[in-house]
Amino acid sequence: MEFRRGSNDDGLDRRFWGRSQALWSAAKREGRYPSLPNDLLYLSHWFSSVKLTQNSVIMPDTHTLVNDFLNKLKKRKIEGSKATAKLTAELLRSVISQQRLPNTNQAGALIHAIKAIGEQLTTANPVEVAVGNIVRRVLHIIREEDVSLTTASIGGLSLQGLSDDEEDNPLVSAAAAAAAARTTLRPPSLQTLLEDMTPHSAATALHHSSSSAGDSEDKTKSTDKNSRSRKLKHNVIETVNELIQDIATCHEQIAEQAVEHIHHNEVILTLGSSGTVIEFLCAAKEKKRSFRVFVAEGAPRYQGHTLAKELVARGLQTTVITDSAVFAMISRVNMVIVGAHAVMANGGVIAPVGLNMVALAAQRHAVPFVVLAGIHKLCPLYPHNPEVLLNELKSPSELLDFGELSDCMDFGIGTGSPLLHVVNPAFDYVPPKLVSLFITDTGGHNPSYMYRLIADYYSADDLVLQQRPTS
Amino acid sequence: MIPPPPSHAVTAPVPAASQLPVHTPVESYTLSDSVFSASPTRSPSIQLGLDGEFSEDSVNWMKRSNSGRFTVVLPTGGNSLTQAVEASIDENSGDIVEGSTQKNSKPLKEKTTKAERRALQEAQRAAKASAKVAEGNKPGGTLGMSAPAQKSKPVKQANQKKDVQPLASSSGVPEKKRGDKPPEKDRKKDVPPPRMQFDDKSRVEKAKKRSVVKQTEARNRVELFRHLPQYERGNQLSDLESTFFQHDDVHPAVYKVGLQFLTGDIMWSNTRCIAMLQAFQKVIEDYSTPPERTLARDLTAKINSSVSFLNECRPLSISMGNAIRFLKALIAKITLTQTESEAKSSLCTDIDRYINEKIVLADKQIVKHAVTKIRDGDVLLTYGSSSLVEMIILHAHELRRQFRVVIVDSRPNLEGQQLLRKLVEKGLSCTYTHINGVSYIMHEVTKVFLGAASVFSNGTVYSTVGTASIAMVAHAYHVPVLVCCESYKFHERVQLDSICSNELGDPDVIAKVPGRKNNCLDDWASNDNLQLLNLGYDVTPADYVSMIVTEYGMIPPTSVPVIVREYGQEHVLI
């Protein structure tokens with residue numbers, strides 16, 4: 001079995017499907033089902049295949065944990081961004097708790113360790129953006145906790161300094177502490193940049209006061225150290241727990257807003273199935289709203305059938321339509337509500353396959369296209385050629401039986417290039433201009449606002465997870 | 001009674017000289033004067049300028065007011081008009097028609113003087129007035145009015161006899177009626193009758209009584225589509241088979257075709273149309289006129305019953321509707337002078353010619369046109385399976401053009417797999433995907449070729465469901481969309497959405513996912529809240545279509561009404 005590999009530079013343009021087709025035909029010849037070899041899952045132009053610098057600090061049991069998770073990711077055993085996000089967060093939590101920290105620069109060491117694992121995880125399944133999101137979230141949490149600890153200590157110090165020399169203006173130093181806290185806590189934005197300029201004198205004053213109080217700090221430092229290291233870890237794990245909790249409850253958070261968006265006698269269209277969408281619609285139903293739902297079945301997995309069954313069980317008027325009938329029916333629809341796989345920083349959506357078509361039809365008929373997305377789906381990256389690079393090709397057997405067309409397939413052997421290609425992409429990219437509204441756990445947002453929302457959750461330093469081999 | 005505005009009549013364009021006899025008589029106008037009592041008297045000079053448009057209005061108006069009191073002789077060239085009002089013949093009894101025609105032709109032969117005619121007219125007026133009083137609602141067309149055209153060309157009388165019939169019985173069409181601008185007249189009259197709306201309960205009940213195919217209403221009907229037939233499937237076939245010998249009025253050939261429609265053995269609209277026409281050919285071959293009946297009328301009735309049987313098996317496509325219209329026009333044109341065998345053989349050859357010209361040769365011509373658009377290195381995308389697109393692709397392959405084909409397919413029919421098989425067997429490089437993946441694959445596509453079930457005169461393309469989505473995505477990615485369609489499928493109807501008229505397929509097919517044993521919707525009918533919708537067609541807006549390839553050439557969708565207007569009547573006039 002051989003797989004054609006495009007050279008790296010033209011790899012960007014190369015369609016992923018060529019590979020799966022080659023696989024398909026090869027498998028046909030051998031008469032067996034191709035078991036998605038890891039070889040196939042290269043795709044990482046995004047995160048280039050830099051060899052991981054082995055991190056010796058990870059303890060052996062976390063090592064096995066990580067490897068286990070990696071294998072699952074590679075074999076696509078974990079499906080769905082919510083499940084993946086939750087598992088990633090739990091894995092990282094256990095990694096953090098078992099991480100031995102050095103005496104100096106603990107946050108740095110922790111960040112380094114998490115980044116190393118994060119890189120592994122993201123390369124294992126680059127399409128599952130939620131993994132990278134959670135890794136970045138955890139990194140951001142570590143940074144934040146570190147900063148809040150230092151500011152707390154600085155605040156304490158400045159207070160000490162205040163008591164030490166009375167002539168120092170108390171207002172100035174307090175403002176300085178606040179500004180420092182703000183600049184460190186906030187992600188980079190125009191506002192913080194501007195604020196940085198104005199209280200410059202205050203910052204220098206702070207510098208002065210801290211340096212003046214330097215000797216007193218030295219005394220406390222040694223005693224403080226151990227408690228601080230434990231405190232950092234403790235705080236980080238606590239916040240990660242909160243994150244896990246958030247992921248678990250994101251459906252309810254989103255569903256709570258359902259009543260505000262769904263009105264009486266509305267006709268809603270959705271495609272495929274998404275846990276968030278089920279919860280959302282059912283929440284509206286529970287609030288005594290009666291409305292009708294068109295469910296497009298969502299080839300090739302036909303999850304729409306499951307969704308329809310679920311909705312009918314809750315007493316909703318449901319009509320199942322074929323995917324091809326979406327354009328015909330959308331003229332009678334008031335709103336399209338769909339789930340997403342990931343939301344990119346530009347407001348574009350990586351969504352289950354077929355949704356771009358639905359979004360275009362909705363735009364044509366001026367039907368609002370609403371995307372439900374938990375916070376863990378927000379990805380801080382700007383997509384480049386996402387239709388290809390953030391996509392994945394599933395097994396052709398979902399479209400054509402392996403026995404089917406076998407009599408025709410033999411033609412391809414002589415020429416070398418297979419005659420038949422079967423393309424079964426998993427995702428669609430919906431550009432931001434087609435999306436009317438995002439509903440996240442924090443409320444509704446415009447696509448153009450997503451970058452800002454995302455900036456709240458991630459720090460700019462973590463956008464690139466890969467580490468240079470030189471460093 | 002409101003007459004048409006006089007200004008209209010005056011400003012109306014003068015028709016072609018050939019169709020306007022030099023001596024347009026005054027009498028004819030005074031007749032219409034008597035009909036439209038309120039219309040102002042005009043001098044002959046104005047009447048000379050009168051043309052069809054005035055009479056058209058009056059015709060329509062007369063039809064609306066439903067007063068069929070006057071026997072009026074149609075001048076030459078009224079074939080299309082005859083065709084148009086053909087429907088109304090059925091309502092009138094044949095006896096009156098024949099009687100009136102005989103009386104009509106009689107006075108034509110004798111040359112009457114002006115004074116005589118005037119006297120005659122006075123008498124008519126009086127008679128009419130009395131008839132009016134005595135509530136003369138039945139066609140009392142016994143007043144032999146001689147038309148000027150016929151006077152000038154008495155030789156044509158025999159041929160015109162047939163033309164005379166329907167009009168004589170239909171209603172008082174003023175003699176002004178010339179054969180000018182037949183397409184326009186036709187279009188005005190030929191507005192397709194409103195389709196059967198299945199939410200109209202009384203009509204559905206009536207239709208049910210007539211129907212041959214036993215149909216039980218589906219349980220979970222989709223609310224939005226109440227106006228379309230939604231019937232249970234599955235037991236129709238066995239029912240039909242078991243009662244085969246009870247339907248003596250349905251010809252076996254028609255019966256066979258009907259069963260094939262029902263089971264879906266014949267799917268493509270072209271093959272369906274050909275199968276239907278060939279079945280009708282057999283009907284005509286085996287037909288013999290019963291005594292005391294005319295072939296034209298009885299055969300039309302026979303065809304009508306066959307058509308309604310086929311319609312019960314599967315709703316007729318628009319192309320089939322067009323073909324049936326053509327056939328009925330042919331039958332209506334059969335004159336009494338023709339013997340039965342002559343008429344039958346001419347009908348059969350005409351049907352053959354229709355199939356050959358409108359479908360077979362048209363396809364060849366379209367293939368010739370479309371192949372010029374396929375270049376080396378092209379990536380063509382097609383949706384589902386269209387016989388025409390298949391021919392185009394195979395022909396381009398025979399011409400050794402180097403190109404790839406992307407076949408997009410969708411449930412429930414998965415027709416694309418048949419096309420895929422055929423193309424792969426021929427050694428074409430194919431890519432196969434489902435309709436959801438079309439946004440992904442559209443990047444590499446250079447041209448989209450689509451088939452169509454019909455093209456409406458507002459340029460919208462009525463085609464297999466999903467076509468609109470494909471065209472939309474192609475439009476979004478700036479890929480040209482070529483729709484291949486024979487012009488006999490064009491229709492003057494307009495449609496904006498896919499809801500108003502459509503065809504619903506078997507909903508059970510949706511519940512069954514191929515290759516899965518346990519479907520979660522297996523017991524869908526048991527829950528009232530759940531409906532499955534299997535839509536047959538959808539409507540592609542004209543702005544998604546780059547061009548339509550017809551046998552007349554490649555046209556933009558805005559030119560469809562032109563084709564319908566210029567060539568649409570052609571098949572009627574063969």
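# A tour of chains A and B

Select strands β4 (335-339) and β7 (residues 369-372) of chain A: β4(A) and β7(A) run parallel and are joined by four bridges. Strands here are DSSP runs (E, at least two residues), helices are DSSP runs too (H or I, at least four residues), and both are numbered from the N terminus. Two strands count as paired if DSSP finds at least two bridges between them. Within this pair, A:V336 sits opposite A:F369 of β7(A).

Before going on, note that this is a predicted model, in which local features need pLDDT of at least 70 and side-chain atom pairs count only at pLDDT 80 or more, while totals for chains, interfaces and linings use all residues. Residues are numbered from 1 along each chain as its sequence is written, chains are lettered from A and ligands numbered from 1 in the order in which they are written, and side-chain values use heavy atoms, with hydrogens and water left out.

## Stop 1: strand β4 of chain A

Stay on β4(A) and add β1 (267-271) of chain A. β1(A) and β4(A) are also parallel, with two bridges between them. A:I268 has A:M335 of β4(A) as its bridge partner.

Now show the side chains of β4(A). Five of its five residues are buried, that is, under 20% relative accessible area; exposed means over 50% and partly exposed in between (1.4 Å probe, protein chains only). A:M335, A:I337 and A:G339 point one way, whereas A:V336 and A:V338 point the other way.

## Stop 2: the loop with A:S273

Move to A:S273, in the loop between β1(A) and α11 (275-286) of chain A. A:S273 counts as partly exposed because its relative accessibility is 27%. Leaving out residues up to four places away in sequence, A:S273 touches A:I278, A:Q303, A:G304 and A:L307; contact means heavy atoms within 4.5 Å. Select A:E79 as well: A:E79 and A:S273 are 194 residues apart in sequence, but 13 Å apart in space from C-alpha to C-alpha.

## Stop 3: salt bridges inside a chain

A salt bridge is a side-chain nitrogen of Lys or Arg within 4 Å of a carboxyl oxygen of Asp or Glu. The whole structure has 21 of them over all chains.

Select A:K86 and A:E90, whose closest N and O atoms are 3.9 Å apart in a salt bridge. About one helical turn separates A:K86 from A:E90, because they are four residues apart in helix α3 (residues 81-98) of chain A. A:K86 is partly exposed at 33% relative accessible area, and A:E90 is partly exposed at 26%.

In chain B, select B:E340 and B:K344, which form a salt bridge of 3.9 Å, N to O. Both lie in helix α18 (residues 340-371) of chain B, four residues apart. Which of the two is buried, and which partly exposed? B:E340 is partly exposed at 28%, while B:K344 is buried at 15%.

Back in chain A, select A:R76, A:E392 and A:K394, which are linked in a network of salt bridges.

## Stop 4: where the chains meet

Show both chains. The contact takes 58 residues from chain A and 61 from chain B. The size of an interface is often given as the accessible area lost when the parts come together. Chains A and B bury about 5000 Å² between them, 60% of it on carbon and sulfur atoms; buried area is the accessible area (1.4 Å probe) that two parts lose on being put together, summed over both. Select B:N436, B:Y440 and B:N529, which supply 16% of the area that chain B buries against chain A, more than any other three residues.

How many salt bridges are there between chain B and chain A? The count is three. One of them joins B:D543 to A:R364, with the closest N and O atoms 2.7 Å apart. A:R332 and B:D497 also form a salt bridge, at 2.4 Å between the closest N and O atoms. A:R332 lies in the loop between α13 (326-329) and β4 (335-339) of chain A and B:D497 in the loop between β8 (490-491) and α23 of chain B, so this pair joins two chains. A:R332 is partly exposed at 31%, whereas B:D497 is buried at 13%.

For the last selection, take β3 (residues 317-321) of chain A with β9 of chain B: these strands pair in the parallel sense over four bridges. There, A:T318 stands opposite B:L530 of β9(B).
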